Amino acid sequence: MTIKCALSLYLDSDRDIVHTAMRETMEEVAIDLEHGAGAELLGALPILEPMSPRLPPISVQPFVWSVSADVVAVPNEEVAAVRWTG
């Protein structure tokens, strides 16, 4: 199964943007990519920069992980849906 992380806010306490994605994944779907889940970082997708004048100027760096098949996502109130790909 893979995990694709969408928008995550970088905090000063984050080591780097990969750590940001791992922290946000733990907060939003309760999957510990750093210390469990049999997680393997597969790579980064191209940076996205929305062009809408309604949004602030942001850059989004998506990452993709492979996790164990028995991992269960427990979404918080910020997550509309969870979909596994494999």
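# A chat about the core, the charges and the loops

Reader: Which residues make up the largest nonpolar core here?

Author: In this predicted model, the largest nonpolar core has 10 residues in all, namely Ala-21, Met-22, Val-29, Ile-31, Leu-33, Phe-63, Trp-65, Val-67, Val-71 and Ala-73. The elements that give two or more residues to this core are H1 and E3.

Reader: And which element gives the largest share of this core?

Author: That is H1, which supplies three residues. As general background, nonpolar side chains in soluble globular proteins tend to be buried together.

Reader: Could you pick one core residue, say Met-22, and tell me what it is in contact with, leaving aside its neighbours within four places in sequence?

Author: With those neighbours left aside, Met-22 is in contact with Arg-15, Leu-33, Glu-34 and Trp-65. Of these partners, Leu-33 and Trp-65 are also listed in the largest nonpolar core, while Glu-34 and Arg-15 meet each other through their side chains in a salt bridge.

Reader: Let me step back for a moment: how many helices and strands are there in the protein?

Author: The protein has one helix and three strands, and read along the sequence they follow the pattern β-α-β-β.

Reader: What share of the residues counts as buried, and what supplies the area that the protein exposes?

Author: Of the 86 residues of the protein, 28% count as buried. The protein exposes about 6000 Å², and carbon and sulfur atoms supply 58% of that area.

Reader: How much of the contacts comes from residues 24 or more positions apart?

Author: Among the contacts with a separation of 6 or more, residues 24 or more positions apart account for 55%.

Reader: Back to the charges, then: how many salt bridges are there?

Author: The count comes to three salt bridges. One of them joins the side chains of Glu-34 and Arg-15, at 2.6 Å from N to O. Glu-34 lies in the loop between helix H1 (17–29) and strand E2 (40–44), and Arg-15 lies in the loop between strand E1 (2–4) and H1, so the pair ties together parts that are 19 residues apart in sequence.

Reader: Are those two buried or exposed?

Author: Glu-34 is partly exposed, with a relative accessible area of 35%, whereas Arg-15 counts as exposed at 53% relative accessibility.

Reader: What about Arg-23, which side chains does it meet in a salt bridge?

Author: The side chain of Arg-23 meets Glu-24 at 3.0 Å, N to O, and it also meets Glu-27 at 3.2 Å, N to O. Arg-23 and Glu-27 both lie in helix H1, four residues apart, which is about one turn of the helix. Salt bridges that share partners join Arg-23, Glu-24 and Glu-27 into one network.

Reader: Which members of that trio are buried, and which are partly exposed?

Author: Glu-24 is buried, with a relative accessible area of 10%, and Arg-23 counts as buried at 15%. Glu-27 is partly exposed, with a relative accessible area of 45%.

Reader: Where does Glu-28 lie, and how far away is the nearest side chain of opposite charge?

Author: Glu-28 lies in helix H1. This residue is buried yet has no salt bridge, and the nearest side chain of opposite charge, that of Arg-23, is 7.2 Å away. Apart from its neighbours within four places in sequence, Glu-28 is in contact with Val-74, Pro-75, Asn-76, Glu-78 and Val-79.

Reader: New topic: what is the phi of Ala-30, and where is this residue found?

Author: Ala-30 has a positive phi of about 60 degrees although it is not a glycine. Ala-30 is found in the loop between H1 and E2, and it is partly exposed, with a relative accessible area of 39%.

Reader: How far apart are the C-alpha atoms of Val-72 and Ala-30?

Author: Their C-alpha atoms are separated by 8.3 Å, while the two residues are 42 residues apart along the chain. Val-72 is found in the segment after strand E3 (63–66).

Reader: Is Val-72 buried or exposed, and what is it in contact with?

Author: Val-72 is exposed, with a relative accessible area of 60%. Leaving aside its neighbours within four places in sequence, Val-72 is in contact with Val-29 and Ile-31, and both of these partners are listed in the largest nonpolar core.

Terms used. Residues numbered from 1 in each chain as written. Predicted model: local features only at pLDDT ≥ 70, side-chain atom pairs only at ≥ 80, totals over all residues. Heavy atoms only, no water. Buried < 20%, exposed > 50% of the residue type's maximum accessible area, 1.4 Å probe, protein only. Contact = heavy atoms within 4.5 Å. Areas by Shrake-Rupley, 256 points an atom, 1.4 Å probe, with all protein chains shown as cover. Salt bridge = Lys/Arg side-chain N within 4 Å of Asp/Glu carboxyl O. Core = buried A, V, L, I, M, F, W, Y, C linked by side-chain atoms within 4.5 Å. Lys, Arg positive; Asp, Glu negative; His and termini not counted.
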